[in-house]
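This report describes a buried aromatic residue and a set of salt bridges. Please consult the sequence and the structure shown below alongside the text.

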Amino acid sequence: MIGVIEALELGNWRKASRILHDAELSDAYLATILMRVARAMSYRAIGEHSRAWTTLGGAAVQMRRRHPRLPCLAVNDSGQIDDVPSWPGEVERLALPQRPAAGGDAELVFRTVRLIWREQQELSELFRQIAERSTGLTPATHILVLAFVEYMCWVRHDPGTWTKTAPIDEEAAAVEERIDAFRDGLRAEFLRSATDLRRLRYPSAGEMSLMVWSNGGKYNGLQRLAILELARRSEPPWAGPSKPADCPSRLSSVNAWQFARAS
């Protein structure tokens with residue numbers, strides 16, 4: 001099981017999914033939770049942010065069923081998370097418990113919780129960034145740039161994009177087809193991803209138009225804006241000021257951030 005967790009900590013959801021699919025693991029319940037995390041990562045790679053959010057919420061619920069004493073982030077009277085207003089749909093969100101002594105089942109539980117926490121926190125930060133528009137960008141272009149940053153962190157700078165093996169099932173195959181479309185620079189995929197991202201905060205918003213793509217400078221212009229956005233950020237993981245010093249980062253995010261800083 002530790003190999004699955006280590007792969008997910010590095011963001012290698014393909015490797016984790018393969019192990020979970022092929023190996024007979026001793027803890028089937030934990031394996032199901034980790035598969036949810038791997039699926040959520042794959043959804044984020046194809047720009048389905050809302051689906052990733054609800055999938056992570058399902059993983060958090062499963063963890064709490066087995067470990068009911070795990071801490072959760074507070075929910076206010078309106079049913080919304082205190083630090084992230086208006087998220088679409090109420091989901092369970094885990095807080096980080098105190099780290100146990102190294103080794104044993106308690107360590108596996110902690111690292112699994114930390115995985116879910118990291119992914120939920122990063123999506124929360126992304127949600128907040130929608131309203132933090134850079135000077136000179138229209139709201140729509142700003143969101144499209146954020147979607148392009150996601151592509152850089154989850155597709156372009158992910159070694160698995162270029163060295164992937166056969167998918168484990170039909171759903172994984174569909175994900176890979178969408179990733180191939182991103183890799184090939186298909187405009188429709190970027191606009192679809194940006195539309196999904198915009199509707200997280202503005203559920204009734206329309207689809208991103210071709211004009212937004214053109215105003216952003218098309219692929220090359222949006223890549224330049226995304227590099228500038230990434231270069232302004234602190235070192236990943238982008239999980240907010242409360243992230244612990246030992247919180248692992250996905251390799252692809254580090255690769256994209258270092259590329260932006262060096263550009």
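## Basis of the description

A residue is called buried when its relative accessible area is under 20%, exposed when that area is over 50%, and partly exposed in between. The model discussed here is predicted.

## A buried pair of charged residues

Arginine 250 has a relative accessibility of 2% and therefore counts as buried. Its salt-bridge partner is glutamate 119, with the side chains meeting at 2.8 Å, N to O. The two residues link distant parts of the chain, 131 residues apart: glutamate 119 belongs to helix α5, while arginine 250 sits in the loop between α11 and α12. Glutamate 119 is likewise classed as buried, because its relative accessibility is 3%.

## A partly exposed pair between loops

A salt bridge also joins the side chains of aspartate 246 and arginine 99, at 2.6 Å from N to O. Aspartate 246 lies in the loop between α11 (218–232) and α12 (251–262), and arginine 99 in the loop between α4 (49–66) and α5 (104–129), so this pair ties together parts that are 147 residues apart in sequence. Both positions fall in the intermediate class: aspartate 246 is partly exposed at 38% relative accessibility, and arginine 99 is partly exposed at 37%.

## A helix-to-helix bridge and its network

Glutamate 171 and arginine 39 form a salt bridge through their side chains, at 3.8 Å from N to O. Because glutamate 171 is in helix α8 (residues 170–183) and arginine 39 is in helix α3 (residues 28–45), the bridge ties together parts that are 132 residues apart in sequence. Glutamate 171 is partly exposed, at 29% relative accessibility, whereas arginine 39 is buried, at 14%.

Salt bridges with shared partners connect Arg39, Glu48, Arg51, Asp169, Glu171, Arg178, Glu189 and Arg192 into one network. For the model, the count of salt bridges comes to 28.

## The surroundings of phenylalanine 190

Phenylalanine 190 is part of helix α9 (residues 187–201). With a relative accessible area of 1%, phenylalanine 190 is buried. Which residues does phenylalanine 190 contact, leaving aside its neighbours within four places in sequence? They are Leu144, Ala147, Phe148, Tyr151, Phe182, Gly185, Trp213 and Tyr219.

A further distance relates phenylalanine 190 to isoleucine 46, which is 144 residues away along the chain; the C-alpha atoms of these two residues are separated by 9.3 Å.

Definitions and conventions:
Residues are numbered from 1 along each chain as its sequence is written. This is a predicted model: local features need pLDDT of at least 70, side-chain atom pairs count only at pLDDT 80 or more; totals for chains, interfaces and linings use all residues. Side-chain values use heavy atoms; hydrogens and water are left out. Helices (H or I, at least four residues) and strands (E, at least two) are DSSP runs, numbered from the N terminus. Buried means under 20% relative accessible area, exposed over 50%, partly exposed in between (1.4 Å probe, protein chains only). Contact means heavy atoms within 4.5 Å. A salt bridge is a side-chain nitrogen of Lys or Arg within 4 Å of a carboxyl oxygen of Asp or Glu.
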